[in-house]
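Biologist: Please take a close look at a single part of this model and set out how it is built into its surroundings. Keep the cut-offs with the terms, and add the wider setting afterwards.

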Amino acid sequence: MPLLKIRIVSLLMGLACLVSTTAQAFTAFRIQDIRVEGLQRIEVGTVFNYLPVAVGDTIDDTRAAEAVRALSKTGFFADVKLQRDGDSLIVVVEERPSISKVNLSGNKDLSSEELTEALKRIGLAEGRIFDRSTLDQVERELERQYFARGKYGVKISNTVTALDRNRVEIGLQIDEGQVAKIQEINLVGNRRFSTAELLRAFQLGPSTLMSLLNQNDQYSKQKLAADLETLRSFYLDRGYIDFSVDSTQVAISPDKKNVYITITLAEGEQFTVKEVKLAGDLKVPEPELKALISIEPGELFSRREVTESATRINERLGKEGYAFANINPVPDVDREQRTVKLTFFVEPNKRVYVRRMNVSGNARTRDDVLRRELRQMEGGWISTEQVNRSRVRLQRLGYFDEVNVETPAVAGVDDQVDVNYSVKERSSFGSLMAGVGFSQSQGVLLNASVTQDNFLGTGKRVSAQINNSQVNTIYSFSYTNPYYSLDGLSRGFRVFSRTTDAGQADVADFTADAFGASVNYGYPLSEFDSLRFSVGYEHTAINTTSQTPQRYIDYLNSNTDQFDAFKLTMGWSYDTRNEAFFPTAGLLQSLSLETALPGSGLTYYKATNRSTWYKELSRRFTFSADGEIAYGDAYGDTTGFPFLENYYAGGIRSVRGFRSNSLGPRENNNALGGAFRMMGSLELLFAPPFAGENNKSFRMGAFLDGGNVYEDFDNFDAGELRYAVGVSAVWLSPIGPLTFSLAKALNDQVGDETEIFQFSLGAGF
């Protein structure tokens, strides 16, 4: 008999046997009654819902087989049989067991919460029907997840324990093993660039000293894909249009602990740009758009420059309301001449208008506090620049941990959108505080305060404070309304009483008692520029001790030890930072001038120029540069700059690595400060791996600080600047901000006081 015929006969015989074991063969009859036997948990009604026959129907062998298949497909039953008792249909079922519990053990890389949720989606969860095939599927999926994380030695086993009432308990034992380490990455086909140069841009690589921190030696399929794209970008940005990755081979050692990667590539030829032009419906004058294109004829082709140019054109059209414009750069490649003609096709689509501006998530903050920060207007055409600027202004209020914006299209029309801002309010731990803390510069701090930057959700700042430390005892009350007028004029006032014991701060010894009041105003000149000024009165009484330097005593004898001062302060600031806390981009530039007006007991002025710049290097890393120059002098009948207004340097908020206030001129081993100060800092800021890339409360940094204080500007000597390097950490904890630094002074001199570890913290209870 032919082989095919034998197989067909065998298949038919098998099907006949299957039917004979599930549906009893019987002559067709009309069903007068249906009974279900074997149920334990499942309701009879559930069986009837899936059963394709009912009382009054006629059933035969064909319909019986259909009924068996229908009930089997539910997955509820391990076995289904149909029997006949007179004119009654008997449905005999054997229920599958239900899952009583799923136990996980051995998992570290994937949390139990993540695994439990994933198992639930697959169907392996408490209360579900147990299916052995589902358990096998779970094991394969878990292996795939661990393989993607480079753990090829993972071993997964299971136990199924039978319980009473037809239940089972499932145990999944996971032996994750070790992440396979990369031993070598080999590139084949690179002629123009060395393997070392190309691999420098890779996330992955063989083990180095830094691998303990960045884990670059742990193989990951996702990271390899990202590195291949980085490699492709490297070549495309240097004119190699025909570059391709021909193959990628990942070899694993027999013990599954080592990985060897081989990447075969084809570089192709290098192309230059012959012509750049615009086409389509430009909507904006062509010269203005052409100025946004950074790639020019004669230059090497660069995909990055092309993409960035298209993005700038898109953003420019977005300012005019064309939020859904398409910019398509189309290259015309001449492979014989190895040149490219670039055409940027502009398709603006319809101008889009804003129907509504919506805000949500502000449980405590009033709507008008948010809406007055919005720069996009309802009813006008959308400006992507203004939409994004509004988000930044909301973020910089400091009231919110997160600010997100969406622009969904309005249903039924193609030229309208809504702009929806959603915020997540920051916890207001600082609104009521009684506490104790410690600062290395001021010692033990005892304080009680009511401080609210967003008082009753109005955006107004109210603060009443009692602060007691070894250096200062301060009682103060202040109030600021940032929108005293509709056009953004702010107004506030402050009253205070302060007692200072300078000797406790390790500077030249004297005490001062002061009280006063001031009124301040601020006015925005533009979106980024603002002016501020304040007028105030302050009464000061200075007392000397047996340790007070003679030069201070001589100064008081030449001038006065008790005086009234009428102060005027003026300032200008330019602020483009994107965050109030932990900014990642932008510049803060400020100039200020404080002067004691003629008629004051002492007449002097203080001028300060400070700049802080932030540049985002990646999602995790930010570079910052900070610099300050400050100078003060006396005028009129006052002889010399008042020593109680001297500048100081050193400490965690100045030149880290040196003791607080310790730099500059000294007498009898005490710091005197000075009338001129110069400081600067370079810092690489980053979120550590354990904090996550998007955390809003913890940040670390690696810094280089420099600076010093001089008696006067004429005494400035760049060779006297002190430098230190180290690492820092700032945590916006629920009990207040905590700041730490570990620093090493680079050029300390005899007499300098250095400190490796410095910190400042506060606690509330």
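Modeller: What follows describes one strand and its partners, then two surface sites and the chain as a whole.

The model is predicted, so local features need pLDDT of at least 70 and side-chain atom pairs count only at pLDDT 80 or more, while totals for chains, interfaces and linings use all residues. Residues are numbered from 1 along each chain as its sequence is written, and side-chain values use heavy atoms, leaving out hydrogens and water.

The part chosen is strand S5, residues 88–95. Helices (H or I, at least four residues) and strands (E, at least two) are DSSP runs, numbered from the N terminus. Six of the eight residues of S5 are buried, so the strand is largely enclosed by the rest of the structure. Buried means under 20% relative accessible area, exposed over 50%, and partly exposed in between, with a 1.4 Å probe and protein chains only.

S5 pairs with strand S2 (residues 33–37) and with strand S4 (residues 77–85); pairing requires at least two bridges found by DSSP. With S2 the sense is parallel, over five bridges. With S4 it is antiparallel, and eight bridges join the two. Leu89 of S5 is the bridge partner of Ile34 and also of Arg84. S4 and S5 form a hairpin with two residues between them, and Gly86 in the turn has a positive phi of about 65°.

Elsewhere, Phe324 lies in the loop between helix H10 (303–319) and strand S13 (326–334). Its relative accessible area is 40%, so Phe324 is partly exposed. Beyond neighbours within four places in sequence, Phe324 is in contact (heavy atoms within 4.5 Å) with Pro348, Asn349, Val352 and Val417. Its C-alpha atom is 31 Å from that of Asp242, 82 residues away along the chain.

Val535, in strand S24 (residues 529–543), counts as partly exposed because its relative accessibility is 45%.

For the wider setting, the chain has 13 helices and 35 strands. Of its 765 residues, 39% count as buried. Among contacts with a separation of 6 or more, 59% join residues 24 or more positions apart. The radius of gyration, taken over C-alpha atoms, is 38 Å, against near 27 Å for a compact globule of 765 residues; the globule rule is 2.2 Å times the number of residues to the power 0.38. Along the principal axes, the C-alpha atoms fill a box of roughly 125 × 75 × 60 Å.
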